[in-house]
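Please look over the structure shown here, together with its sequence. The briefing that follows is meant for someone meeting it for the first time.

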Amino acid sequence: MRRNRVIRFLIGAFAVGAFVGLVSGLAFGGGPGTPRAAVQSGNNSGNTSGPTTTSGEGQTASNEPMTPEMAKTIGANEMGQVLVVMYHLIGTPEAEWTRTPDNFRNDIAQLKAAGYYPINVRDLASGNIEIPAGKSPVVITFDDSSPGQYRILDDGSPDPDSAVGILQDAVKAGNWAPHASFFCLLDVTPKDKVLFGQPDRQQEKLKNLVDWGYEVGSHTVTHLNLKKASTQEAKKQLAQSQATLESLIGSGYQVTSLALPFGEYPAKDSLLKSGTYDGISYAYTAGLSLGASQPFSPFSTKFDPLHIPRIRGSANYLTDAIEYFKKHPDLKYISDGDPTTVSAPLHLNSKLGELKGDLGRPVVRY
Ligand SMILES: [Zn+2]
């Protein structure tokens, strides 16, 4: 079992000293089961996101079941494509792999203005897209755990010019939830890419991210090229990165998403899905690549959770993607506000693929 191997496994090099933890019981962030309406009008505050569970089961979305009329009024299309953005360095000057704090702030403002609402990678992979009705999901991802992504000031608060500070400010301003996925490295040079730098703050950062609602994922231990690596080395790093992050975060948190370093894949996806190294078993249900396209809906036959493409969060890539969906509204995912039901028009753009037959949840067509 996966839990057992976490207990067995400890890498001394990554232990971040004795941590006397104030571990919130809310390992997955958000509040406990806040009741929410299934159909919410366009502009709700960011505080209605609810818990970031990995399963939609057991959630009482509403007493009112979704109907074709309601879905049509909302304009829901949960077979539409999703926007996934990839960031690396947050700092100055702006460059191919660097976004300035001001430009990142502007990216979030643009997304908000265009009706996007953030979710984590794991929720895209599992189809647990819990956002207000009429909104479109955006997945914001960060690779390489560099300091500009999450810097803690002396008073314990996030640096307002680090990505986490900017995201938290966006949540406070409303119409936005604390969701984004951070893909961390554990043993690299320069050392400031080990868990966001600030060695005495590493575990605190991981716990904060998860407690607030963000996702922590693996980027392997050393930024390993999984295409070139031996099978044994790949298994070792897939197992050790997952187990180390989980033991640092604690509270039963499970790391389920992987951003593939350099976007390079091993010969077989089965190596990512599950495996065992030295008695430590691992499993990943989401894999992120590079690329300039938008992933399909998790409810489409075209969706591949281990090959989720991402656009770069630099230059005009994001602005162009937002424009693309404005020009092609029939390709855009629009939520019905009820994560337990899948709503879509009867006539879909053929690019979107077919609705999967085994969704295990009600489907509403109009
Ligand atoms: Zn990377």
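Which residue of β5 stands opposite Ser181 in β6? It is Thr141 that stands opposite Ser181 in β6. This is a predicted model, in which local features need pLDDT of at least 70 and side-chain atom pairs count only at pLDDT 80 or more, while totals for chains, interfaces and linings use all residues. Residues are numbered from 1 along each chain as its sequence is written.

**Strand β5 and its surroundings**
- In strand β5 (residues 136–143), 8 of the 8 residues are buried, so the strand is largely enclosed by the rest of the structure; buried means that 20 or more other C-beta atoms, placed from the backbone, lie within 10 Å of a residue's own.
- Ser136, Val138, Ile140 and Phe142 point one way from β5, whereas Pro137, Val139, Thr141 and Asp143 point the other way.
- Strands here are DSSP runs of E with at least two residues, and helices are runs of H or I with at least four, numbered from the N terminus.

**Pairing partners**
- Strand β1 (residues 83–87) runs parallel to β5 and is joined to it by 5 bridges, with Leu83 opposite Val138; strands pair if DSSP finds at least two bridges between them.
- Strand β4 (residues 116–119) also pairs with β5 in the parallel sense, over 4 bridges, and Pro118 stands opposite Val138.
- Between β5 and strand β6 (residues 181–184) there are 3 bridges, again in the parallel sense.

**Contacts of Ala163**
- Ala163 touches Tyr87, Ile90, Phe104, Phe142, Gly148, Gln149 and Tyr150, leaving aside residues up to four places away in sequence; contact means C-beta atoms, placed from the backbone, within 7 Å.

Note on methods
Two residues are in contact if their C-beta atoms, placed from the backbone, lie within 7 Å. A residue is buried if 20 or more other C-beta atoms lie within 10 Å of its own, exposed if 12 or fewer, and partly exposed in between; C-beta atoms are placed from the backbone.
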